[in-house]
Amino acid sequence: TVGNGTLESFAVWYNAGTINGVVGDAGNDGTAISYTWTPTINTTWYHVGYTFNDASNSQAIYINGAQVATNTTTKTIGYDTKAFTLGTEYENNVLNFFFAGSIDEARFSNTDRSTQWISTEYNNQNSPSTFSATGAEGAASATLDLGISYNVNVAGNYSNNGSYSVT
């Protein structure tokens with residue numbers, strides 16, 4: 001909340017089958033964004049994202065890495081001296097509207113994240129073992145041509161199965 005009443009700096013909330021997001025300032029809230037959604041409660045993990053871009057006035061909601069809603073607002077996020085809250089909000093200077101669920105790995109950024117970034121974050125968290133793969137260690141070789149002589153210290157564990165040169 002920004003100010004002493006019921007206005008939001010920014011908020012994301014779920015109510016009656018709709019996930020919502022909004023930004024606002026001490027004057028009023030901007031245009032809210034909403035998406036009708038009925039998650040399976042207590043049995044499924046979901047990745048939920050909300051982005052706001054002040055320069056383009058755009059906001060978006062993402063569920064499981066996919067953009068599901070977008071619109072615009074003419075507001076800029078307003079700030080005050082209240083502490084940042086997660087899972088609740090200040091309403092007339094009293095903590096209220098407590099989230100009845102679990103929140104895991106909440107992330108906040110002062111940069112508007114792209115659709116691709118949010119999709120990657122979802123894929124990385126949803127199935128880390130299939131998101132990336134590692135193979136057997138292979139032979140390594142490198143050439144560093146500095147054009148002048150340097151003393152180079154190399155530390156670590158390695159086996160000399162190949163040729164290593166520094167010039």
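Two strands count as paired here if DSSP finds at least two bridges between them. With that in hand, here's a quick tour of this predicted model, in which local features need pLDDT of at least 70, side-chain atom pairs count only at pLDDT 80 or more, and totals for chains, interfaces and linings use all residues. Residues are numbered from 1 along each chain as its sequence is written, and side-chain values use heavy atoms, with hydrogens and water left out.

**The overall picture**

- The protein has two helices and 10 strands; both kinds of element are DSSP runs numbered from the N terminus, helices being H or I over at least four residues and strands E over at least two.
- Reading from the N terminus, the order of elements is β-β-β-β-β-β-β-β-α-α-β-β.
- Of the 167 residues in the protein, 23% are buried (buried means under 20% relative accessible area, exposed over 50%, and partly exposed in between, with a 1.4 Å probe and protein chains only).
- The accessible surface adds up to about 11,600 Å², and carbon and sulfur atoms own 49% of that; the areas come from the Shrake-Rupley method with a 1.4 Å probe, and for residues only the protein chains shown count as cover.
- Take the contacts (heavy atoms within 4.5 Å) between residues at least 6 apart in sequence: 42% of them join residues at least 24 apart.

**Sheet β1-β2-β3**

- Three strands make an open sheet in the order β1-β2-β3, and the pairing is antiparallel.
- β1 (10-15) and β3 (33-36) are the edge strands, each with a single partner strand, so one side of each has no neighbour in the sheet.
- From one strand to the next, the twist averages 10° (axes are lines fitted to C-alpha atoms, for helices over the stretch in contact, and angles run from 0 to 180 degrees between N-to-C directions).
- β1 and β2 (residues 18-23) run antiparallel and are joined by six bridges.
- Want a pair to click on? Trp13 sits opposite Asn20 in β2.

**Sheet β4-β5-β6**

- Another open sheet of three strands has the order β4-β5-β6, again with antiparallel pairing.
- Its edges are β4 (48-53) and β6 (66-72), each of which pairs on one side only.
- Neighbouring strands in this sheet are turned by 15° against each other on average, direction ignored.
- β4 pairs with β5 (residues 58-63) in the antiparallel sense, over six bridges.
- Tyr50 has Ile61 of β5 as its bridge partner.

**The nonpolar core**

- The largest nonpolar core is made of nine residues: Ile19, Val23, Ile33, Trp37, Tyr50, Phe52, Ile61, Ile63 and Ala69.
- For the record, such a core is a set of buried Ala, Val, Leu, Ile, Met, Phe, Trp, Tyr and Cys residues joined through side-chain atoms within 4.5 Å.
- β2, β4 and β5 are the elements that give two or more residues to this core.
- Tyr50 is a good place to start looking: leaving out residues up to four places away in sequence, Tyr50 touches Val12, Gly21, Val22, Val23, Ile33, Gln59, Ala60 and Ile61.

**Salt bridges around Arg107**

- The structure holds two salt bridges, each being a side-chain nitrogen of Lys or Arg within 4 Å of a carboxyl oxygen of Asp or Glu.
- One joins the side chains of Arg107 and Glu105, at 3.0 Å from N to O.
- Arg107 also bridges to Glu121, where the closest N and O atoms are 2.1 Å apart.
- Arg107 lies in the loop between β8 (94-96) and α1 (115-126) while Glu121 is in helix α1, so this pair ties together parts that are 14 residues apart in sequence.
- Put together, Glu105, Arg107 and Glu121 form a network of salt bridges.
- Glu121 is buried at 12% relative accessible area, whereas Arg107 is partly exposed at 48%.

**Positive phi outside glycine**

- As a reminder, most residues other than glycine have a negative phi.
- Asn57 isn't a glycine, yet its phi is positive at about 60°.
- You'll find Asn57 in the loop between β4 and β5, partly exposed with 26% relative accessibility.
- Glu105 also has a positive phi, near 55°, and is likewise a residue other than glycine.
- Glu105 belongs to the loop between β8 and α1 and counts as partly exposed at 45% relative accessibility.
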